[in-house]
Structures are given as C-alpha cells and as structure tokens.
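Okay, thanks everyone for coming. I'll put the sequence and the structure up, and then we'll walk through a few spots together.

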Amino acid sequence: MGLSTHVLDTAHGCPAAGMTVTLYTTANGNATQVKQFNLNSDGRNPDGPLYDNASLKKGTYRLVFDVAGYFRARGVQLPDPPFLDQVSIDFGVAHTDQHYHVPLVCTPWTYSTYRGS
C-alpha cells in the first residue's frame, strides 16, 4: 500500500475534511515538496495513497499539516499567533515493501501521531 495519511479532528469528533497537507522528501537538511492536497470528507488524500509500494523509496519524509488554517476555517477563535500552526512530522521509511500510515489526531492545542496500519 505504500504511504498514506489520515487526520482526525478530535475537538469536533470528525475527520479533518479540507485540511491542507504537504508532503516533502528530505535529505541533508533540505526538503523538496512532492505534493500538496486538501483532505477529503474522510480526512484522507482524495487521490488515495501518497505513494504505492512500487514508488515509495527508502529515505526520510516530512508531512506538514495546516492545523491552524483548518481550525480557523471551521470558525474556531485562535490566538495570534496560534498555539499550533503548521504541524510537521518527520519520519523515515526503511522497508519499501511495508505500508507506512502516518495519521494525525489533533485539536487546536494538541496532536499525536503514530505509525498506523
């Protein structure tokens, strides 16, 4: 299955539909943007996996989630600057034959992630 992501808005108890997410490859302190997309009604990339197993390469990656932009669009009053703005998750892919699912669970004040299935 390659690489996928999913975002849940635990402040409202729903998927984070409409949140902007940017995927980067990283190497030697540099990040190269691969794609940017808005999550669908299920809180996932509307085009499916970010990479399939054939395209996924061993290396390091970054997902950047526009948490503040998402909550502002939902009408949440955030301080200026917001406590959480862009949430970046840097992670490594060691085995390209495995599925790497990188979910984000968030509110305007907290987030967590893990390697899902």
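So, Ser-4: buried or exposed? Buried, with a relative accessible area of 8%. Keep in mind as we go that this is a predicted model. Ser-4 sits in strand β1, and its side chain makes a polar contact with the side chain of His-99, at 2.9 Å. If you click around Ser-4 and skip residues up to four places away in sequence, you'll find that it touches Leu-50, His-99, Tyr-100, His-101 and Val-102.

Let's follow that strand across. β1, residues 3-9, runs parallel to β7, residues 100-106, and seven bridges join the two. Which residue of β7 stands opposite His-6? That's Pro-103. Along the chain, His-6 and Pro-103 are 97 residues apart, and yet their C-alpha atoms are separated by 4.6 Å. Pro-103 belongs to strand β7, and at 3% relative accessibility it counts as buried. Again leaving out residues up to four places away in sequence, Pro-103 touches Thr-5 and His-6, and also Ser-112, Thr-113, Tyr-114 and Gly-116.

Now zoom out to the sheet. It's an open one with four strands, in the order β2-β1-β7-β8, and the pairing is mixed. At the edges you have β2 (14-15) and β8 (111-113), each of which pairs on one side only.

There is more strand pairing elsewhere. β3 and β5 go together in the antiparallel sense, over six bridges, and there Thr-26 stands opposite Thr-60 in β5. β5 also runs antiparallel to β6, with eight bridges joining them. In that pair, Asp-66 stands opposite Gln-86 in β6.

Okay, the core. In general, nonpolar side chains in soluble globular proteins tend to be buried together. Here the largest nonpolar core has 28 residues, and the members touching the most other members are Leu-3, Met-19, Phe-65 and Val-67. Where do those core residues come from? β1, β3 (20-27), β5 (59-66), α1 (67-73), β6 (86-93) and β7 each supply at least two.

Have a look at Phe-65 in particular. Not counting residues up to four places away in sequence, its contacts include Thr-5 and Val-7, then Met-19, Thr-20 and Val-21. Carry on around the ring and Phe-65 also touches Asp-85, Gln-86, Val-87 and Ile-89, plus Val-102 and Leu-104.

Last stop, the cysteines. How many disulfides does the count come to? Zero. Why is Cys-14 not bonded to Cys-106? Because the sulfur of Cys-14 is 9.6 Å from the sulfur of Cys-106, the closest cysteine sulfur, and that is too far for a bond. For a disulfide, the two sulfur atoms would have to be within 2.5 Å. Looking from the other end, Cys-106 is in no disulfide either, with that of Cys-14 as the nearest cysteine sulfur. As for their surroundings, Cys-14 is partly exposed, with a relative accessible area of 21%. Cys-106, on the other hand, is buried, at 0%.

That's my tour. Happy to spin the model around if anybody wants another look.

Methods:
Residues are numbered from 1 along each chain as its sequence is written. This is a predicted model: local features need pLDDT of at least 70, side-chain atom pairs count only at pLDDT 80 or more; totals for chains, interfaces and linings use all residues. Side-chain values use heavy atoms; hydrogens and water are left out. Buried means under 20% relative accessible area, exposed over 50%, partly exposed in between (1.4 Å probe, protein chains only). Two strands pair if DSSP finds at least two bridges between them. A nonpolar core is a set of buried Ala, Val, Leu, Ile, Met, Phe, Trp, Tyr and Cys residues joined through side-chain atoms within 4.5 Å. Contact means heavy atoms within 4.5 Å. A polar contact is a pair of N or O atoms within 3.5 Å; within protein, one must be able to donate a hydrogen and the other to accept it, and residues adjacent in sequence count only if both atoms are side-chain atoms.
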